[in-house]
Amino acid sequence: MLLGCVPGLAAVAALGLCAGGVDHAATDALAARAGHQAARPATAHQAARPPVVPRTAWLDALARHAQPPPRYDDKVVAVFVHHTDSPNGYDCADAPRIIRSLYTGQTAARGWDDIGYNFLVDRCGTVYEGRAGGVDRAVTGAHTQGFNHRTAGIAALGTFTAGVPVPQAMVDAIAAVTAWKLGLTGTDPRSSVRLTSSNSLSRYAAGTTATLPALAGHRDGFMTTCPGAALTARLPEIRATAARLQGRTAAPALTGSP
């Protein structure tokens, strides 16, 4: 059965299907290695960090919930793209309110410790910090059940089912974040990577090593229609743009090894 993403406050009972749940089982080894990320040497294909609006733009003291310290992986080798299943005709100045509603739906209604996505992008191409922990770090998200480790989740604000236009500014912003985050580990956005599932509710039984695109759609790792047919169709373009932003011209490797 295919499952779609659903709006934050309109159908919070199904939010877990969209964001994919929280994987709490990061190993001590990953946590230890995460502490040494800052010392990692620069790769040959790093891309510039795009502007990222901090959490303080959408989360205030009244909306904030108590939460445990962030969890970290040692690196990010893949990015999953989502959509939020919220209306498309919003004013971009209203994006902080929309993100705050998603946060409330996931933390208050679902009892999660934080919003699941690492980044959110509005239709004007503005990038927002999502999950706490530092945008420069490999924060363990809660966006793709079974594949939250060594990955980052980028959510497009809106609903992008078949026939719905995807704003070019949004496409370009997703590519910029992808190029930057994957460039930190030298990962080609056009390549494939091997990831190990941590949850049998994903498309792969726990412990299974799956070969997935370095830039994947939510549905590549979990049984869902997310990020929608229209946005899924733009993923090849996003991969190519991200690779160009990394300064790549050669053909990608068929398989990367995290």
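Here is a short chat about a predicted model of one protein chain.

Biologist: Let's start broad: how many helices and strands are there in the protein chain?

Modeller: Reading along the sequence, you get the pattern α-α-β-α-β-β-β-α-β-β-β-α-α-α. Tallied up, the protein chain holds 7 helices and 7 strands.

Biologist: And what share of the residues counts as buried?

Modeller: Buried here means under 20% relative accessible area. The accessible surface of the protein chain is about 10400 Å², with 58% of that belonging to carbon and sulfur atoms. Of the 258 residues in the protein chain, the buried share is 54%.

Biologist: Now the sheet of 5 strands: what is its strand order?

Modeller: This sheet is open, and its pairing is mixed. Going across, the order is β3-β2-β4-β1-β7.

Biologist: Which strands stand at the edges of the sheet, and why is one side of each left without a neighbour?

Modeller: Each edge strand has a single partner strand, so one of its sides has no neighbour in the sheet. As for the twist, neighbouring strands are turned by 25° against each other on average, direction ignored. The two at the edges are β3 (127-129) and β7 (215-217).

Biologist: In which sense do β1 and β4 pair, and what is the bridge partner of H83 in β4?

Modeller: β1 covers residues 78-83 and β4 covers residues 151-156. They pair in the parallel sense, over 6 bridges. For H83, the bridge partner in β4 is A156.

Biologist: Which helix packs on this sheet, touching β1, β2, β3, β4 and β7?

Modeller: The helix in question spans residues 168-183, and its direction makes about 155° with that of β2 (119-121). That's α4.

Biologist: How many residues of α4 are buried, and how far does α4 reach from its first C-alpha to its last?

Modeller: In α4, 13 of the 16 residues are buried, so the helix is largely enclosed by the rest of the structure. At 1.5 Å a residue you'd expect a span of 22 Å, and α4 comes close to that. From first C-alpha to last, α4 reaches 22 Å.

Biologist: One last residue, T84: is it buried or exposed, and which side chain does its own side chain contact?

Modeller: T84 sits in the loop between β1 and α3 (95-109). Its relative accessibility is 1%, so T84 counts as buried. The side chain of T84 makes a polar contact, at 2.6 Å, with the side chain of S86.

Key: Residues numbered from 1 in each chain as written. Predicted model: local features only at pLDDT ≥ 70, side-chain atom pairs only at ≥ 80, totals over all residues. Heavy atoms only, no water. Pairing = 2+ DSSP bridges. Helix = DSSP H or I, 4+ residues; strand = E, 2+ residues; numbered from the N terminus. Axes fitted to C-alpha atoms, helices over the stretch in contact; angles between N-to-C directions. Contact = heavy atoms within 4.5 Å. Buried < 20%, exposed > 50% of the residue type's maximum accessible area, 1.4 Å probe, protein only. Areas by Shrake-Rupley, 256 points an atom, 1.4 Å probe, with all protein chains shown as cover. Expected span 1.5 Å × (residues − 1). Polar contact = N/O pair within 3.5 Å; in protein donor to acceptor, adjacent residues only side chain to side chain.
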